[in-house]
Amino acid sequence: MLKRFDILSYIDNIVSVLIDTGEARHELSREARLDRARHGGGGFRRLFRPVRPGCDVGRPDRSGGRRGGSPRRLAIATIAVAAAEPEDARAPYDERERLIDLAAARAGFYVVQAGAFLAISALALGWPAVSVINLLLGAMVAGEIAKDAWRVATYRRGAA
Amino acid sequence: VIANRIRVLRFEHGEMTQGDLAARIGMTRQTVAAIEQGKYSPTLEAAFRIADVFGEPLEAVFQWRLKKAPND
């Protein structure tokens, strides 16, 4: 059966990726706008250009100390689920589950591979670097979803 | 296909539950259920462990049966 720990670590991964993506998009778009205003240029090289002294590209912290709220809630939810889970969910992995995991990882790998190919194609077609990075992150998230969907489907079917 | 007599043997051994059998062979209850229903073929090691729990030879627990072709 699908381990609760896996579901929670999966949710944790998704949340981290979404937070990082959102912040990266904000920073990059802000930096890009400042860069364009100052130098009139764009392109891939702007991502690697050092920030000049006195150039404020950072986002002010308006969270008021609430930024740690989400991980705290996740930790509480993890403890609650762990306390409520049945014995089955805490059982060690066996041979059938290892086989299911291998097959699921293979399914997820194909999705990530397709996403990476799309991202490389998009880069070759002149898409902005931020979009390509988002495409790659999206492929990774889609790969994780495909992996878990495969596992759930296999467990539902009862076979390996 | 690999057929088995696990359900009968469980019943004969004090109505052992799938969970009990799973705990004794170091597997999950779901895997035992899948083996019992013929949806999953266990490894040789797992098959020997199951046979050992029931104190029976391997062939008394698992049998290989040829699947008949539709036009036979």
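**Notes on the two-chain model: salt bridges, helix H3(B) and the A–B interface**

1. Let's start with charge pairs: over all chains, the structure holds six salt bridges, a salt bridge being a side-chain nitrogen of Lys or Arg within 4 Å of a carboxyl oxygen of Asp or Glu. Please keep in mind that this is a predicted model, in which local features need pLDDT of at least 70 and side-chain atom pairs count only at pLDDT 80 or more, while totals for chains, interfaces and linings use all residues. Residues are numbered from 1 along each chain as its sequence is written, chains are lettered from A and ligands numbered from 1 in the order in which they are written, and side-chain values use heavy atoms, with hydrogens and water left out.

2. A good place to look in chain A is Arg151(A). Its side chain meets that of Asp101(A) in a salt bridge, at 3.1 Å from N to O. This pair links distant parts of the chain, with Arg151(A) in helix H5 (residues 129-157) and Asp101(A) in helix H4, 50 residues apart. Helices here are DSSP runs of H or I with at least four residues, strands are runs of E with at least two, and both are numbered from the N terminus.

3. Arg151(A) has a second partner, Asp148(A), with the closest N and O atoms 3.4 Å apart. Arg151(A) and Asp148(A) are three residues apart in helix H5 of chain A, so about one helical turn separates them. Asp101(A), Asp148(A) and Arg151(A) are thus linked in a network of salt bridges. Arg151(A) is buried, with a relative accessible area of 6%, and Asp148(A) also counts as buried, at 14% relative accessibility. For these labels, buried means under 20% relative accessible area, exposed over 50%, and partly exposed in between (1.4 Å probe, protein chains only).

4. Helix H4 of chain A also holds Ala105(A). Ala105(A) counts as partly exposed, at 36% relative accessibility. Its C-alpha atom is separated by 8.6 Å from that of Glu144(A), and the two residues are 39 apart along the chain.

5. Turning to chain B, you will find five helices and two strands, and from the N terminus on the elements run β-α-α-α-α-α-β. Of its 72 residues, 43% count as buried. Contact means heavy atoms within 4.5 Å; among contacts in chain B between residues at least 6 apart in sequence, 57% join residues at least 24 apart.

6. How enclosed is H3(B)? Seven of its eight residues are buried, so the helix is largely enclosed by the rest of the structure. The buried residues include Gln30(B), Val32(B), Ile35(B) and Glu36(B). Just after H3(B), Gly38(B) takes a positive phi of about 75 degrees.

7. Glu36(B) deserves a closer look. Its side chain and that of Arg7(B) meet in a salt bridge (3.1 Å, N to O). The pair links distant parts of the chain, Arg7(B) being in helix H1 (residues 6-12) and Glu36(B) in helix H3 of chain B, 29 residues apart. Arg7(B) counts as exposed at 55% relative accessibility, whereas Glu36(B) counts as buried at 11%.

8. Now for the interface. Twelve residues of chain B are in contact with 13 residues of chain A. The two chains bury about 970 Å² between them, 49% of it on carbon and sulfur atoms. Thr28(B), Gln30(B) and Tyr40(B) lose the most area in chain B, together 51% of what that side buries. Buried area is the accessible area (1.4 Å probe) that two parts lose on being put together, summed over both.

9. Which kinds of polar pairing cross this interface? The rule finds zero salt bridges, but six residue pairs in polar contact, both residues at pLDDT 80 or more. A polar contact is a pair of N or O atoms within 3.5 Å; within protein, one must be able to donate a hydrogen and the other to accept it, and residues adjacent in sequence count only if both atoms are side-chain atoms. Helix H3 (residues 29-36) gives the largest share of the side of chain B that touches chain A, four residues.

10. Finally, I would point you to Glu95(A), found in helix H4 (residues 95-124) of chain A. The side chain of Glu95(A) makes a polar contact with the side chain of Tyr40(B) (2.8 Å). Among the residues that Glu95(A) touches, not counting those up to four places away in sequence, are Met27(B), Tyr40(B) and Pro42(B).
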